[in-house]
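Please look through the structure shown below, together with its sequence, before reading on. The paragraphs that follow move from the chain as a whole to its interior and then to a few individual residues.

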Amino acid sequence: CSSDLCGNGQSGQATVSVRISPSGRVAHARVTGYFASRPEGSCIARAVRSAQFPSFSGEHMTIRYQFAL
């Protein structure tokens, strides 16, 4: 599932708070705003949790990212 497939006919912006571990694995993904409690938001969070980032040294990092639906 990608953000394109998660839209389910909806349009708008979904903001996701993503916590990334030093290994590059997504430790937590939470959708906020309008899509937070909706099936579209759950789909986006699942897609983001499957992402992998390059590993880095230091502590976990949290970023916010907006997906356009």
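Buried residues make up 32% of the 69 residues in the chain, in what is a predicted model rather than an experimental one. The surface that the chain exposes comes to about 4,400 Å², and carbon and sulfur atoms supply 49% of that area. Along its principal axes, the C-alpha trace spans about 40 × 20 × 15 Å. The radius of gyration is 12 Å, which agrees with the value near 11 Å that a compact globule with 69 residues would have.

The secondary structure consists of two helices and three strands, and, read from the N terminus on, these elements follow the order α-β-β-α-β. Of the contacts in the chain with a separation of 6 or more, 70% are accounted for by residues 24 or more positions apart.

Turning to the interior, the largest nonpolar core has 13 residues, and those with the most contacts inside it are A14, V16, V18, A29, V31, I44 and V48. Strand 1 (13-20), strand 2 (26-32) and helix 2 (39-49) each supply at least two residues of this core. V31 can serve as an example of how such a residue is surrounded: leaving aside residues up to four places away in sequence, V31 touches A14, T15, V16, A36, G41, I44 and A45.

Between strand 1 and strand 2 there is a loop, and S21 lies in it. Is S21 buried or exposed? With a relative accessibility of 8%, S21 counts as buried, because the cut-off for that class is under 20%. When residues up to four places away in sequence are not counted, S21 touches F56 and H60.

How many aromatic pairs does a search of the whole structure find? The search finds two. In one of them, Y34 and F35 are arranged edge-to-face, with 4.9 Å from centre to centre and 85° between the planes. The two partners differ in how they meet the surroundings, since Y34 is exposed with a relative accessible area of 54%, whereas F35, at 1% relative accessibility, is buried. The other pair joins Y65 and F67, whose ring centres lie 4.9 Å apart and whose planes stand at 65°, so this pair is edge-to-face as well; planes over 60 degrees apart are what place a pair in that class. Y65 itself counts as partly exposed, because its relative accessibility of 46% falls between the 20% and 50% limits.

Definitions and conventions. Residues are numbered from 1 along each chain as its sequence is written. This is a predicted model: local features need pLDDT of at least 70, side-chain atom pairs count only at pLDDT 80 or more; totals for chains, interfaces and linings use all residues. Side-chain values use heavy atoms; hydrogens and water are left out. Rings of Phe, Tyr and Trp (its six-membered ring) pair if their centres lie within 6.5 Å; planes under 30 degrees apart count as stacked, over 60 as edge-to-face and the rest as tilted. Buried means under 20% relative accessible area, exposed over 50%, partly exposed in between (1.4 Å probe, protein chains only). A nonpolar core is a set of buried Ala, Val, Leu, Ile, Met, Phe, Trp, Tyr and Cys residues joined through side-chain atoms within 4.5 Å. Helices (H or I, at least four residues) and strands (E, at least two) are DSSP runs, numbered from the N terminus. Contact means heavy atoms within 4.5 Å. The radius of gyration is taken over C-alpha atoms; the globule rule is 2.2 Å times the number of residues to the power 0.38. Accessible areas come from the Shrake-Rupley method with a 1.4 Å probe; for residues, only the protein chains shown count as cover.
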